[in-house]
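This report describes selected features of one protein model, beginning with strand pairing and ending with individual loop residues.

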Amino acid sequence: MKVVILENPEAVAAYGTEMFKSQLKSKPDSVLGLATGSTPLALYQQLISANKNREISFKEVSTFNLDEYLGLAGDHPQSYRHFMNDNLFRHIDINIDNTHVPDGAAEDPLSAGNNYEQLIKAKGGIDIQLLGIGRNGHVGFNEPSSCLASRTRVKTLTQATIDDNARFFSADEYQPHLSITMGIGTIMESKHVILLATGASKAEAIKATVEGPLSASCPASALQMHLSTTLIIDDAAATQLRDIEFYKHIERENQALLKRLGR
Ligand SMILES: N[C@@H]1[C@@H](O)[C@H](O)[C@@H](COP(=O)(O)O)O[C@@H]1O
């Protein structure tokens with residue numbers, strides 16, 4: 001696991017954007033795994049700008065989002081499908097038919113997960129998966145105690161996650177307690193993973209992800225077993241790490257090596 005610690009959320013978004021740009025330049029028909037939440041918003045803004053400048057194109061790209069609220073159809077303002085259309089898809093040159101979000105209104109939610117897995121497989125798998133992280137270490141909606149080999153399925157949300165996400169719902173609005181989410185096993189099959197975290201509220205989850213034992217108590221810690229994961233975090237999210245200086249040293253050495261190799 002590569003840990004990149006940067007001074008602020010802007011630098012985190014810029015670093016992540018560069019990784020997406022080089023992915024799209026080297027493989028224009030990339031399959032992207034995408035995430036919702038407030039953390040990736042700045043990165044999406046930068047991808048939109050890069051697309052408008054014609055630096056990158058999404059014409060051949062396919063996307064798969066991590067998760068969706070069960071019980072919300074895609075046209076519901078709080079659905080993750082709506083979030084993605086609003087914050088990314090309708091601003092870029094992507095074919096909307098190539099964008100996928102689990103169906104929160106599926107008639108049979110139990111088979112919806114398997115169908116989603118088949119779609120990902122049919123596209124050749126996810127090249128690069130973007131993740132945020134919950135304060136309790138969840139990724140997608142894989143809450144603590146999730147099976148580390150899990151596939152896309154229905155998951156019950158913890159009260160902590162319901163409370164954290166309550167800010168997106170008005171007081172009288174129905175807030176789902178269930179979701180359909182890619183599993184940890186699904187995420188682990190992505191060729192590359194980029195996890196973004198900013199702010200002190202994520203420090204404990206980041207500590208458990210990077211330095212804690214590999215444990216279902218912190219689902220993100222499964223990424224310790226992933227071959228190509230980059231955690232891009234700001235100083236505030238890094239405060240509880242034991243080896244901050246070592247991670248910063250590694251990144252300086254990596255950058256120097258890449259420069260020497262002319263990359
Ligand atoms: N299902 C999403 C996660 O994918 C996201 O990572 C998390 C953190 O969101 P934020 O980036 O707003 O802190 O929120 C939700 O629970």
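L130 stands opposite I194 in strand 9. Strand 6 and strand 9 run parallel and are joined by 4 bridges; two strands are said to pair if DSSP finds at least two bridges between them. Strands (E, at least two residues) and helices (H or I, at least four) are DSSP runs, numbered from the N terminus.

The model is a predicted one, in which local features need pLDDT of at least 70 and side-chain atom pairs count only at pLDDT 80 or more, while totals for chains, interfaces and linings use all residues. Residues are numbered from 1 along each chain as its sequence is written, and side-chain values use heavy atoms, with hydrogens and water left out.

**Sheet and helix 7**

The open sheet has 7 strands in the order 1-10-9-6-2-3-5, with parallel pairing. Its edge strands, strand 1 and strand 5 (99-100), each pair on one side only. Helix 7 packs on this sheet and touches strand 1, strand 9 and strand 10, where contact means heavy atoms within 4.5 Å. The direction of helix 7 makes about 150° with that of strand 10; axes are lines fitted to C-alpha atoms, for helices over the stretch in contact, and angles run from 0 to 180 degrees between N-to-C directions.

Within helix 7 (residues 203-210), the buried residues are A203, A205, I206, T209 and V210. Seen down the helix axis, these buried residues fall within an arc of 160°, so they line one face of helix 7; the arc is that of the directions from the helix axis to the C-beta atoms. Buried means under 20% relative accessible area, exposed over 50%, and partly exposed in between (1.4 Å probe, protein chains only). The cover over the buried residues of helix 7 includes strand 1 (2-6), strand 9 (192-197), strand 10 (229-234), helix 8 (235-238) and helix 9 (244-260).

**Loop residues**

The table lists three loop residues with their relative accessibility.

| Residue | Loop between | Relative accessibility |
|---|---|---|
| R54 | helix 2 (41-52) and strand 3 (62-65) | 76%, exposed |
| Q78 | strand 4 (67-69) and helix 3 (80-87) | 18%, buried |
| S145 | strand 6 (128-131) and strand 7 (153-156) | 60%, exposed |

R54 has a positive phi of about 65° although it is not a glycine. S145, likewise a residue other than glycine, has a positive phi near 90°.

Q78 touches Y69, L72, F168, F169 and E173, leaving aside residues up to four places away in sequence. Its side chain makes a polar contact of 3.4 Å with the side chain of E173. A polar contact is a pair of N or O atoms within 3.5 Å; within protein, one must be able to donate a hydrogen and the other to accept it, and residues adjacent in sequence count only if both atoms are side-chain atoms.
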